[in-house]
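This report describes a protein model together with its ligand, beginning at the binding site and moving outward to the sheet and the helices.

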Amino acid sequence: MSQKTLKPIYVLNGPNLNLLGVREPEIYGYDTLADIEARCKGLLEGTEHDLVFRQSNHEGQLVEWIQEARTDACALIINPAAYTHTSVALYDALKALSIPIIECHLSNPHAREAFRHHSYVSLVAKGIVAGFGSIGYELAIRAVLTLVK
Ligand code: DQA
């Protein structure tokens, strides 16, 4: 067991991702958010970072968690779901962060409807992982571990 002496990695998930595994599995896959959280936690075993993994259907709640991450996290991975394409509030909150922000999507929004092609979050993201399904979260964790080393 390693000591978790460094700041945690935050993973925030937006609306409808609580339904992962049952919602449009042909697009988003069969893994649940709990499955993804467990795998991300596994990746952090043996590191000094803990995982803070949360989901909300509410924009204001996500804004508050982003503000919390500003002081309490070493990096933020965020799948803002539909708010990716609509939320100036999330964009403004993210702009106040000086830690690395990774945008993560299960699907590839650019291969889908035109309204998904624009992302407010991409404007402030260090990098984007999209289109690889649930393993995208693990790829994002790996990227963060390299970035914060
Ligand atoms: C999503 C893509 C968004 O366009 C969509 O609204 C989601 C999930 C993804 O992970 O592929 O809810 O962020």
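In this predicted model, an oxygen atom of the ligand is 2.8 Å from a polar backbone atom of Leu106. Two further contacts of the ligand's oxygen atoms involve side chains, one belonging to His85 and one to Arg116. The table sets out these distances.

| Residue | Part of the residue | Distance to an oxygen atom of the ligand |
|---|---|---|
| His85 | N or O atom in the side chain | 2.7 Å |
| Leu106 | polar backbone atom | 2.8 Å |
| Arg116 | polar side-chain atom | 2.9 Å |

On its own the ligand has 320 Å² of accessible area, and the protein covers 99% of that area. The residues that surround the ligand include Arg23, Tyr28, Asn79, Ala81 and Ala82, and His105, Ser107 and Arg112 belong to the same surrounding set.

The sheet comes next. Its five strands are arranged in the order S2-S1-S3-S4-S5, with parallel pairing, and the sheet is open. Strand S2 (51-55) and strand S5 (127-130) form the edges, each of them pairing on one side only, and from one strand to the next the twist averages 15 degrees. Within this arrangement, strand S3 (residues 75-79) pairs with strand S4 (residues 101-105) in the parallel sense over three bridges, and Leu76 stands opposite Ile101 in S4.

Several helices can be placed relative to these strands and to one another. Helix H2 (residues 33-43) lies across strand S1 (9-13) and S2, and runs at about 165 degrees to S2, whereas helix H3 (residues 59-72) lies across S1, S2 and S3, running at about 170 degrees to S1.

How far apart are the axes of H3 and helix H4, and at what angle do these helices pack? The axes of H3 and H4 (residues 88-95) are 9 Å apart, and the packing angle is about 5 degrees, which means that H3 is roughly parallel to H4. On the H3 side, the contact is made by Glu59, Leu62, Val63 and Ile66, while H4 contributes Ala89, Leu90, Ala93 and Leu94.

How values were computed: Residues numbered from 1 in each chain as written. Predicted model: local features only at pLDDT ≥ 70, side-chain atom pairs only at ≥ 80, totals over all residues. Heavy atoms only, no water. Pairing = 2+ DSSP bridges. Helix = DSSP H or I, 4+ residues; strand = E, 2+ residues; numbered from the N terminus. Axes fitted to C-alpha atoms, helices over the stretch in contact; angles between N-to-C directions. Contact = heavy atoms within 4.5 Å. Near = heavy atom within 4 Å. Polar contact = N/O pair within 3.5 Å; in protein donor to acceptor, adjacent residues only side chain to side chain. Areas by Shrake-Rupley, 256 points an atom, 1.4 Å probe, with all protein chains shown as cover. Parallel < 35°, antiparallel > 145°, perpendicular 65-115°, else oblique.
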